[in-house]
Amino acid sequence: MLEGSRYLYTAREVIPQGTRRLIGLVRAVGDGQSIAYIQDLLVHPHAQRQGVGSALLKRVIDDFDREDIRQRLITTDVASEHAVALYKRYGYAPVEAAGCITLACYR
């Protein structure tokens with residue numbers, strides 16, 4: 001999964017033993033030309049609402065913020081209100097606002 005990502009960034013914190021513990025990651029998939037899809041933005045609960053998710057999101061958006069990449073997508077569940085608010089701060093909106101529809105097939 002991680003190896004197949006086009007973009008992958010992590011956030012780590014230094015813990016008392018001097019090791020670096022993973023506290024967040026963002027990964028995106030796409031063709032690098034016309035579409036970029038943020039597949040995962042994960043932040044450990046103890047690190048949420050401290051700017052970790054925002055920094056990761058900004059980093060990956062900066063990578064594909066090019067005019068030729070026409071579709072920039074994120075999917076999240078509506079129960080995650082703080083995640084939806086974060087995405088909206090970066091200009092993302094429900095697909096209906098663009099006259100689009102997203103369909104999914106879950107297995």
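Let's start with Thr 75. Leaving out residues up to four places away in sequence, Thr 75 touches Tyr 37 and Ile 38. Keep in mind that this is a predicted model.

Where does Thr 75 lie? It lies in the loop between β4, residues 71-74, and α2, residues 81-89. Is Thr 75 buried, partly exposed or exposed? Its relative accessibility is 46%, so it counts as partly exposed. Buried would need under 20%, and exposed over 50%.

Now look at Tyr 37. Along the chain, Thr 75 and Tyr 37 are 38 residues apart. Their C-alpha atoms are separated by 8.6 Å. Their side chains are joined by a polar contact of 2.5 Å.

The other partner, Ile 38, takes us to the core. The largest nonpolar core has 22 residues. Which of them touch the most other members? They are Ile 38, Leu 57, Val 60 and Phe 64. Five elements each give two or more residues to this core: β1 (7-14), β2 (20-30), β3 (35-43), α1 (52-63) and α2. The largest share comes from α1, with five residues.

Take Val 60 next. Set aside its neighbours within four places in sequence. Val 60 is then in contact with Tyr 7, Tyr 9, Val 26, Ala 28 and Ile 38. So Ile 38 turns up again: it touches Thr 75, and it touches Val 60.

On to the helix α1. It has 12 residues. At 1.5 Å a residue, the expected span is 16 Å. The end C-alpha atoms are 17 Å apart, which agrees.

Which residues of α1 are buried? Val 52, Gly 53, Leu 56, Leu 57, Val 60 and Ile 61. They cover an arc of only 155° around the axis, so they sit on the same side of α1. Here is the general rule. An α-helix has 3.6 residues a turn, so residues three or four places apart point the same way. What covers the buried residues of α1? The cover includes β1, β2, β3, β4 and α2.

Last stop, the strands β1 and β2. How many bridges join β1 to β2? Eight, and the two strands run antiparallel. Glu 13 stands opposite Arg 21 in β2. The hairpin of β1 and β2 has five residues between the strands. In that hairpin, Gly 18 takes a positive phi near 90°.

To recap: Thr 75 has a polar contact with Tyr 37, Ile 38 is among the core residues that touch the most other members, and α1 gives the core its largest share.

Technical notes. Residues are numbered from 1 along each chain as its sequence is written. This is a predicted model: local features need pLDDT of at least 70, side-chain atom pairs count only at pLDDT 80 or more; totals for chains, interfaces and linings use all residues. Side-chain values use heavy atoms; hydrogens and water are left out. Helices (H or I, at least four residues) and strands (E, at least two) are DSSP runs, numbered from the N terminus. Buried means under 20% relative accessible area, exposed over 50%, partly exposed in between (1.4 Å probe, protein chains only). Contact means heavy atoms within 4.5 Å. A polar contact is a pair of N or O atoms within 3.5 Å; within protein, one must be able to donate a hydrogen and the other to accept it, and residues adjacent in sequence count only if both atoms are side-chain atoms. A nonpolar core is a set of buried Ala, Val, Leu, Ile, Met, Phe, Trp, Tyr and Cys residues joined through side-chain atoms within 4.5 Å. The expected span of a helix is 1.5 Å times one less than its number of residues. The arc is that of the directions from the helix axis to the C-beta atoms. Two strands pair if DSSP finds at least two bridges between them.
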